[in-house]
Amino acid sequence: MREIGRIQQGFFATPPRVVSALAKMFTPSDKYVTCTIDPGSGEGAALEQFRNEVGGRDVRCFGIESDQGRARTARERFTPTNGDCLWASIEDTGITGDFPLIWFNPPYDRTRGQGRLELLLFNRVKEWARRGGILIFILPDYVLGDAKAGIALAIEREYEVLSVHHFPEPDYAMFKQVVLVGKRRERAKSKGSIAMPDWAKPTTWPALPDDWLQPKIEIPPSLNIPKVRRIALSKDVILDAVSRSPLRGCLLREAMGEALKVEPPLLPLREGHLALALAGGLCDGVIEQGDDRFLMKGTLEAKILNTKNTERFNAMGDKTADVEHWKTNYVMNVRCLRESGDIEEYTSAEGEEMVIDTKAEEEEIEA
């Protein structure tokens, strides 16, 4: 992406002339509410112009925009007609319901290891249109016509393509953009039955006419009023919420306060504790002492041994149980590799004793 595109987060506004030409292709429902959405709406100018020129009884515009300033401007455009714009990225957004029309002019870029960004974002929003709903997709010609990019196959699977036009001059010479209009299929095609469609060949793309002479495409009505919501919080959203929160002062004081003091352990460490940590693998690695360096590796072996058996008697002198006494012997092994290549091995002669299991069978004999 060119540097100016990176500064704008990949956003390029659709030229007003292109919006007007597209508006002449459609007719809205005059009896029902129609809801449209522009994921990546910018300041909302394109969708607002499209709504005004298409006309209709009640057309509500919704948008998604990752730039906070542009999202605020779009919200101001859309809310007077019962629409809205959500400040979020497309990846962090979900919807409840569906839309009769999607106006989709996504950022243009390549994502390392994942292919074209346009394809990733299309796969995110492709099901936001209702069955029979309309997709207006604006993207570069070299992306749409590239079989390896996969975008044409993804569109063909989900949408019946009604028309593909390249921008009129001089805009096409500057930006190399095309606009595709599709109608969502009642049922998606199987992936195995799809080949590179003929409409994806650049030689078949005429210029977008300023006057649409063919029968107009009807925008279906909304079956419901969809809701756009965040499904994840980006870092920018979190920082913005914190900056306006009453907790901001407390958080700043905590961040700028003195570092917490490291308290001493509750009980003093002894030589055996360090040996256990080393033998247990908690202190493996390179250890330096003066000019000497060692590579340490420790292991810990445990053996459970039966030490003795005793008998238990009641007050009458009768035997009630056999009691087994067990202990665990810990054998600590440490290997030390010196820089000279010498390997030294250390092992503990005796382990620490701990009763870890007591087996007893008691039979109470009533006198």
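What follows is an informal chat between a biologist and a modeller about a predicted model.

Biologist: Let's start with the sheet: which strands are the edge strands?

Modeller: The open sheet has seven strands with mixed pairing, in the order S4-S3-S2-S6-S9-S11-S10. An edge strand pairs on one side only, and that picks out S4 and S10.

Biologist: By how much are neighbouring strands of this sheet turned against each other on average?

Modeller: Take the seven strands in their order S4-S3-S2-S6-S9-S11-S10. Ignoring direction, the average turn between neighbours in this sheet is 15°.

Biologist: How many bridges join S2 to S3?

Modeller: Strand S2 covers residues 33-39 and strand S3 covers residues 58-65, and the two run parallel. One facing pair is Val 33 with Asp 58 in S3. The number of bridges joining S2 to S3 is seven.

Biologist: Staying with Asp 58, is that residue buried or exposed?

Modeller: Asp 58 sits in strand S3, and apart from neighbours within four places in sequence it is in contact with Tyr 32, Val 33 and Thr 34. Its relative accessibility is 19%, and the cut-off for buried is under 20%. So Asp 58 counts as buried.

Biologist: And which residue's side chain joins that of Asp 58 in a polar contact?

Modeller: The contact is between two side chains, at 3.3 Å. Asp 58 itself lies in strand S3. Its partner in the polar contact is Arg 60.

Biologist: Now the helix across the sheet: at about what angle does H5 run to S9?

Modeller: Helix H5, residues 117-125, lies across S2, S6, S9 and S10. Angles here run from 0 to 180 degrees between N-to-C directions. For H5 against S9, the value is about 165°.

Biologist: Which strand gives the most to the largest nonpolar core?

Modeller: That core has 67 residues, and Leu 22, Phe 26, Phe 50, Trp 103, Leu 144 and Ile 155 touch the most other members. The strand that gives the most supplies seven residues, and it is S9. Phe 26 is in contact with residues that include Ile 134 and Ile 136, and the strand spanning residues 129-140 is again S9.

Biologist: Where's the cis peptide bond?

Modeller: In general, most peptide bonds are trans. Here, one bond has an omega of about 5°. Its proline, Pro 170, is in the loop between strand S10 and helix H8. The cis bond joins Glu 169 and Pro 170.

Biologist: What is the phi of Asn 82?

Modeller: Most residues other than glycine have a negative phi. Asn 82, in the loop between helix H4 and strand S4, is not a glycine and yet has a positive phi, about 65°.

Biologist: Lys 176 has a positive phi too; how does it count by relative accessibility?

Modeller: Lys 176 is in the loop between H8 and strand S11, with a phi of about 55°. Its relative accessibility is 37%, so Lys 176 counts as partly exposed.

Biologist: Last one: how far apart in space are Ile 194 and Glu 156, C-alpha to C-alpha?

Modeller: Ile 194 is in the loop between S11 and strand S12, and it is buried at 17% relative accessible area. Leaving out neighbours within four places in sequence, its contacts are Leu 153, Glu 156, Arg 157 and Lys 189. Although Ile 194 and Glu 156 are 38 residues apart in sequence, their C-alpha distance is 7.5 Å.

How values were computed. Residues numbered from 1 in each chain as written. Predicted model: local features only at pLDDT ≥ 70, side-chain atom pairs only at ≥ 80, totals over all residues. Heavy atoms only, no water. Helix = DSSP H or I, 4+ residues; strand = E, 2+ residues; numbered from the N terminus. Buried < 20%, exposed > 50% of the residue type's maximum accessible area, 1.4 Å probe, protein only. Contact = heavy atoms within 4.5 Å. Core = buried A, V, L, I, M, F, W, Y, C linked by side-chain atoms within 4.5 Å. Pairing = 2+ DSSP bridges. Polar contact = N/O pair within 3.5 Å; in protein donor to acceptor, adjacent residues only side chain to side chain.
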